[in-house]
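Colleague: Please take a close look at the charged side chains here, paired and unpaired. I would like the cut-offs stated along the way.

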Amino acid sequence: MTVIADSTVRSMCTIGQEISIWCEKNHITNQELADALDVSRETVKRIKNGTRELTSKEIRKLSVLMEKQADFFIPNDDELDEDTSIQIVKRKNAGQEAFLR
């Protein structure tokens with residue numbers, strides 16, 4: 001397995017892979033990680049395979065455990081680009097202007 005660089009686009013799957021790699025390197029079992037995160041072993045499995053997003057509490061705990069910045073655990077693979085965001089804001093503002101008339 002390869003370690004994913006911090007600047008790489010991260011999805012929940014790649015974040016889960018990083019957690020798995022870290023656990024393997026540090027000989028941490030799913031149960032031990034579950035205990036540290038205060039979740040079930042099944043939840044850890046779902047986090048590792050990318051089918052469950054992390055809560056803010058879990059992000060904070062993993063950040064300390066893995067010695068990574070908290071934003072590392074937030075997916076950055078959003079397909080919403082800046083142009084789309086601007087269009088949404090313009091439409092929202094136009095709707096508010098129409099409402100105020």
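Modeller: The salt bridges come first, then a lysine without one, then the core.

This is a predicted model, in which local features need pLDDT of at least 70 and side-chain atom pairs count only at pLDDT 80 or more, while totals for chains, interfaces and linings use all residues. Residues are numbered from 1 along each chain as its sequence is written, and side-chain values use heavy atoms, with hydrogens and water left out.

The structure has two salt bridges (a side-chain nitrogen of Lys or Arg within 4 Å of a carboxyl oxygen of Asp or Glu). In one, Lys57 pairs with Asp38, and their closest N and O atoms lie 4.0 Å apart. This pair links distant parts of the chain, 19 residues apart: Lys57 is in helix α4 (residues 56-66), and Asp38 is in the loop between α2 (30-37) and α3 (41-48). Helices are DSSP runs of H or I, at least four residues, numbered from the N terminus. Lys57 is partly exposed at 41% relative accessible area, and Asp38 is exposed at 56%; buried means under 20%, exposed over 50%, and partly exposed in between, with a 1.4 Å probe and protein chains only.

The other salt bridge joins Glu58 and Arg52, at 2.8 Å from N to O. Here Glu58 is buried at 4%, and Arg52 is buried at 18%.

Lys48, in helix α3, is buried yet has no salt bridge. The nearest side chain of opposite charge is that of Glu24, 6.9 Å away; Lys and Arg count as positive and Asp and Glu as negative, with His and the chain ends not counted. The Lys48 side chain does make a polar contact of 2.5 Å with that of Asn30 (N or O atoms within 3.5 Å, one able to donate a hydrogen and the other to accept it; residues adjacent in sequence count only if both atoms are side-chain atoms). Leaving out residues up to four places away in sequence, Lys48 touches Cys13, Gly16, Gln17, Ile19, Ser20, Cys23, Asn30 and Leu33, a contact being heavy atoms within 4.5 Å.

Two of these neighbours, Ile19 and Leu33, lead to the core. The largest nonpolar core (buried Ala, Val, Leu, Ile, Met, Phe, Trp, Tyr and Cys residues joined through side-chain atoms within 4.5 Å) has 17 residues, and Ile15, Ile19, Leu33, Leu54, Leu62, Met66 and Phe73 touch the most other members. Two or more residues come from each of α1 (12-25), α2, α3 and α4, and α1 gives the largest share, five residues.
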